[in-house]
Protein chains: 2
Amino acid sequence: MSAQSARRDSHTVQSLLAVAVGVFNVRGYDGTSMEDLAKAAGITKSSIYHHVAGKEELLRLAVTRALDGLFAVLDEPPAREGAAAARLEYVIRRTCAELIENLPYVTLLLRVRGNTAAEREALERRRDFDHRVAELMAEAIAEGDLRADLDPRLTSRLVFGLVNSLTEWYRPQEHGVGGNGGADHSAVADALVALVFDGVRNPAA
Amino acid sequence: MSAQSARRDSHTVQSLLAVAVGVFNVRGYDGTSMEDLAKAAGITKSSIYHHVAGKEELLRLAVTRALDGLFAVLDEPPAREGAAAARLEYVIRRTCAELIENLPYVTLLLRVRGNTAAEREALERRRDFDHRVAELMAEAIAEGDLRADLDPRLTSRLVFGLVNSLTEWYRPQEHGVGGNGGADHSAVADALVALVFDGVRNPAA
DNA sequence: GTCTATATTACGATAGAC
DNA sequence: GTCTATCGTAATATAGAC
């Protein structure tokens, strides 16, 4: 992977955003200068201002895209109908998929710290998401499918901390061979769901 | 919690480090200026240079402290003797405790991205830690105490992603009442170990 | 849509007095 | 150990030509 994208004749907001998110994830948002972005996009700093108002707008566009994808999962029918434990499993699995599908955007979202207005709005929407998952967890416990001794708030924090930690190491596979120990997209989601619901202990032991 | 510490007459490297790590964790390392640190420490920018060579040295001191604490866990006798599954459980529990004990330092460590030499060294030591835990996981699977279908590398990434995600929300309790849903230090470690080994599913269901 | 050139501010770091 | 004052650099952003 080169630190600099190939030069191109013309950019759109979306193509520029894709480049910017990649650089933000390598150098950090605050550690990235407009000059860094210009080099990576193959244009000059001032050309970037033709597409967006500034660095913060690129951040706002990126985290909004990530959040919209995550919230869409909660609105899908299988996340709204049936036993709470099944809905929870569905949300976990689909959130993993969404995270991997939109990896650079979600990665950036999860690293936001609240320094700017755009970041604080993103943090608030994340809290809302977490709250809705905690409610789902509480329902699944009340329905008896999850262990009764679980603290729903604590458990949902742990489970989504686990899901979100995928951004720390998961890298999409290229050319049929990847660096994730042979674990592709759905294999990771399967392993994660199995860990969450049944743990690592061997029942036969 | 005020964004600025109380003014004090004199600083040591350690007291300055504690202030700096707190600010780094709120604003991000790159988002923190020497002026921010000076205000938080109640002294001027130039006074900071009397104690340390610059901003990067504060970062290096902080992540070194965090890493030393984590590696010390691996050298404790219960992490080196007995069945691998029991050693693994010990390492998970003690790593949680170490993370909480040293929360600001470990939080900063886990957010480092590799922009500077100090950060790249820290990332390398983290990889070494992860590798040693993955070996422990593989032994526990080979000994039959963990499910045979587990991928040790993937599973150890998930488990330590889970442990590390504590830094995203855990806050130490103050005045006997905390904001962690009544879950104190060891209750969190207990819930995490229970989740990892046995999952959330109710066996009676 | 991109460029060169530049305004303006903020930053990390140093000099030297107390 | 801390201060005031300042240096040199790098940052965001704008103006105006092509």
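In this predicted model, the side chain of Lys45(B) places an N or O atom 3.2 Å from a base nitrogen of DNA strand C. Phosphate oxygens of the strand have partners too. One of them sits 3.2 Å from a polar side-chain atom of Lys55(B), and His11(A) brings a backbone N or O atom to 3.1 Å from a phosphate oxygen. Two elements each give two or more residues to the surface near DNA strand C, namely α3 (45-51) of chain A and α3 (45-51) of chain B. Of these, α3(A) gives the most, with 4 residues.

Now for the wider surroundings of the strand. DNA strand C is surrounded by 17 residues, and the closest are Thr44(A), Ser46(A), His50(A), His51(A) and Met34(B). Of the strand's atoms that come within 4 Å of the protein, 62% belong to sugar and phosphate. Sorted by class, the residues near DNA strand C come out as 11 polar, 3 charged and 3 nonpolar.

Then there is the meeting of the two protein chains. Chain A puts 43 residues into the contact, and chain B puts in 43 residues. About 3,900 Å² is buried between them, with carbon and sulfur atoms giving 55% of that area. The interface holds 3 salt bridges, among them one that joins the side chains of Arg201(A) and Asp198(B) at 2.9 Å, N to O. Polar contacts link 18 residue pairs across the interface. On the side of chain A that touches chain B, at least two residues come from each of α1 (13-27), α6 (103-111), α8 (152-164) and α9 (185-198). The largest share there, 8 residues, is from α9(A). That side of chain A divides into 20 nonpolar, 12 polar and 11 charged residues.

Notes:
Residues are numbered from 1 along each chain as its sequence is written. Chains are lettered from A and ligands numbered from 1 in the order in which they are written. This is a predicted model: local features need pLDDT of at least 70, side-chain atom pairs count only at pLDDT 80 or more; totals for chains, interfaces and linings use all residues. Side-chain values use heavy atoms; hydrogens and water are left out. A residue is near a molecule or strand if one of its heavy atoms lies within 4 Å of it. A polar contact is a pair of N or O atoms within 3.5 Å; within protein, one must be able to donate a hydrogen and the other to accept it, and residues adjacent in sequence count only if both atoms are side-chain atoms. Ala, Val, Leu, Ile, Met, Phe, Trp, Tyr, Cys and Pro count as nonpolar, Asp, Glu, Lys and Arg as charged, and the others, Gly among them, as polar. Contact means heavy atoms within 4.5 Å. Buried area is the accessible area (1.4 Å probe) that two parts lose on being put together, summed over both. A salt bridge is a side-chain nitrogen of Lys or Arg within 4 Å of a carboxyl oxygen of Asp or Glu.
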